[in-house]
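Student: Please take one part of this model and go through it closely, covering charged pairs, burial and packing. I would like one connected account rather than a list.

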Amino acid sequence: MTHAFAKDSRACAACVSWGGDRALSDDNTLVHVDRYSAEGECRTATSQDYRKVTRSYHTCPTWAPLPMLKKHGGRPERQPVFASRPAPAAVKPVPEAVAVAPVRAVPAAAPAVPPPPPAPPVCRSEPLDLDQIPQIASLLYVHWRRVLRGRPMPEARDIDTAQIRECVPRLCLMEPLPGGEDFLYRACGRSVQRRIGQRVVPRPVSDCHPAEAAERFNADLRACLETGEPRGLLVRDDPMLPGGRFVELLLPLADDTGRPACVLAFRHVPGG
């Protein structure tokens, strides 16, 4: 290890840089520094690389653990360099191999059976007050009431689609089949037909919808026709709108004799 030559003493330049009162021994070695009360020996050196080697760390073993002052160029990231080679690290003895007891084979557990997938939600409808239906459905309801003319319900020919142009894509004209258990699509708007995904006129509801949705729709149509009163419904989990909900407005219509004959169904599904 080389030591930088100090101009004012024969100690290493890093030790001289501490600037405390120093006592030199007879052979010009630094033996005491008052600043840190550190005593030791710093031998002379012949190297001239003062600025490069000993600027930021000690080159003698006595003061190597002490930090360099920042004003003297000390940098904490620099590791101290010892003049003497450090003692080799003690080698840990390698433990002798220990006989391992044989491990008993454990039978593998049977693979876990995944739980069955959850049942699909049930299509259902809830009564909805007619004051809470969307504005576009309210236009149809107001038109239906306007053409009553004192009758329990208007006839199908009284409905003027030119006055309810915004509602037409979501309108369906439903006629009961003999027995009243199923209904027939007599007309269907393009928005509803796109949601169903097939041509529905003239086909029964049971052929155009899954069994659960068809049963729900037929039951609501029968209730509207039997009571002869308009019905507002909030439909949930219908296959036409999986996981969603939409408003349904059912309006009864009469035949020439005034008896309930069909239902005008407005289904407020997305799309135009």
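Tutor: What follows is a walk around helix 6, its charged residues and the core beside it. The model is a predicted one.

Start with the helix itself. Helix 6 runs over residues 211–227. It has 17 residues and reaches 24 Å from its first C-alpha to its last, which is close to the 24 Å expected at 1.5 Å a residue. Its buried residues are Ala 213, Ala 214, Arg 216, Phe 217, Asn 218, Asp 220, Leu 221, Cys 224 and Leu 225. After the helix comes Gly 228, with a positive phi near 70°.

That buried list includes two charged residues, Arg 216 and Asp 220. They form a salt bridge with each other, and their closest N and O atoms are 2.8 Å apart. Because the two are four residues apart in helix 6, about one helical turn separates them. An α-helix has 3.6 residues a turn, so residues three or four places apart point the same way. Arg 216 has a relative accessible area of 8%, so it counts as buried. Asp 220 is likewise buried, with a relative accessible area of 8%.

Asp 220 has a second partner. Arg 231 forms a salt bridge with Asp 220, with the closest N and O atoms 4.0 Å apart. Arg 231 lies in strand 7 (residues 231–236) and Asp 220 in helix 6, so this pair ties together parts that are eleven residues apart in sequence. Arg 231 has a relative accessibility of 23%, so it counts as partly exposed.

A further charged pair sits on two strands. The side chains of Glu 248 and Arg 267 meet in a salt bridge at 2.8 Å, N to O. This pair links distant parts of the chain, with Glu 248 in strand 8 (residues 245–254) and Arg 267 in strand 9 (residues 260–268), 19 residues apart. Glu 248 counts as buried because its relative accessibility is 0%. Arg 267 also counts as buried, at 0% relative accessibility.

These pairs belong to one system. Arg 216, Asp 220, Arg 231, Asp 238, Glu 248 and Arg 267 are linked in a network of salt bridges. A search of the whole structure finds 13 salt bridges. The surroundings of Arg 216 take in several members of the network: leaving aside neighbours within four places in sequence, the contacts of Arg 216 include Asp 238, Glu 248 and Arg 267. Cys 123, Arg 124, Ser 125, Leu 233 and Val 235 are also among the contacts of Arg 216.

Now the nonpolar side of the picture. The largest nonpolar core has 25 residues, and those with the most contacts inside it are Met 174, Tyr 185, Ile 196, Val 205, Phe 217, Leu 221 and Leu 250. Strand 5 (171–176), strand 6 (183–188), helix 4 (190–196), helix 5 (205–208), helix 6, strand 7, strand 8 and strand 9 each give two or more residues to this core. Helix 6 supplies the largest share, six residues. Leu 221 touches Met 174, Phe 183, Leu 250 and Val 263, not counting residues up to four places away in sequence. Apart from this core lies another, of 24 residues, among them Ile 133, Ile 136, Met 153 and Ile 159.

Strand 9 holds Ala 265 as well as Arg 267. Ala 265 is buried, with a relative accessible area of 0%. Beyond neighbours within four places in sequence, Ala 265 is in contact with Phe 217, with Leu 249 and Leu 250, and with Arg 170, Leu 171, Cys 172 and Met 174. The C-alpha atoms of Ala 265 and Pro 252 are separated by 8.7 Å, and these residues are 13 apart along the chain.

Last, the cysteines. A disulfide is a covalent bond between the sulfur atoms of two cysteines. The structure holds zero disulfides. Cys 262 is in none, and the nearest cysteine sulfur, that of Cys 224, is 10.0 Å away. Cys 262 is buried, with a relative accessible area of 9%, while Cys 224 is one of the buried residues of helix 6. Cys 123, listed above as a contact of Arg 216, is buried with a relative accessible area of 7%.

How values were computed. Residues are numbered from 1 along each chain as its sequence is written. This is a predicted model: local features need pLDDT of at least 70, side-chain atom pairs count only at pLDDT 80 or more; totals for chains, interfaces and linings use all residues. Side-chain values use heavy atoms; hydrogens and water are left out. Buried means under 20% relative accessible area, exposed over 50%, partly exposed in between (1.4 Å probe, protein chains only). Contact means heavy atoms within 4.5 Å. A nonpolar core is a set of buried Ala, Val, Leu, Ile, Met, Phe, Trp, Tyr and Cys residues joined through side-chain atoms within 4.5 Å. The expected span of a helix is 1.5 Å times one less than its number of residues. A disulfide is a pair of cysteine sulfur atoms within 2.5 Å.
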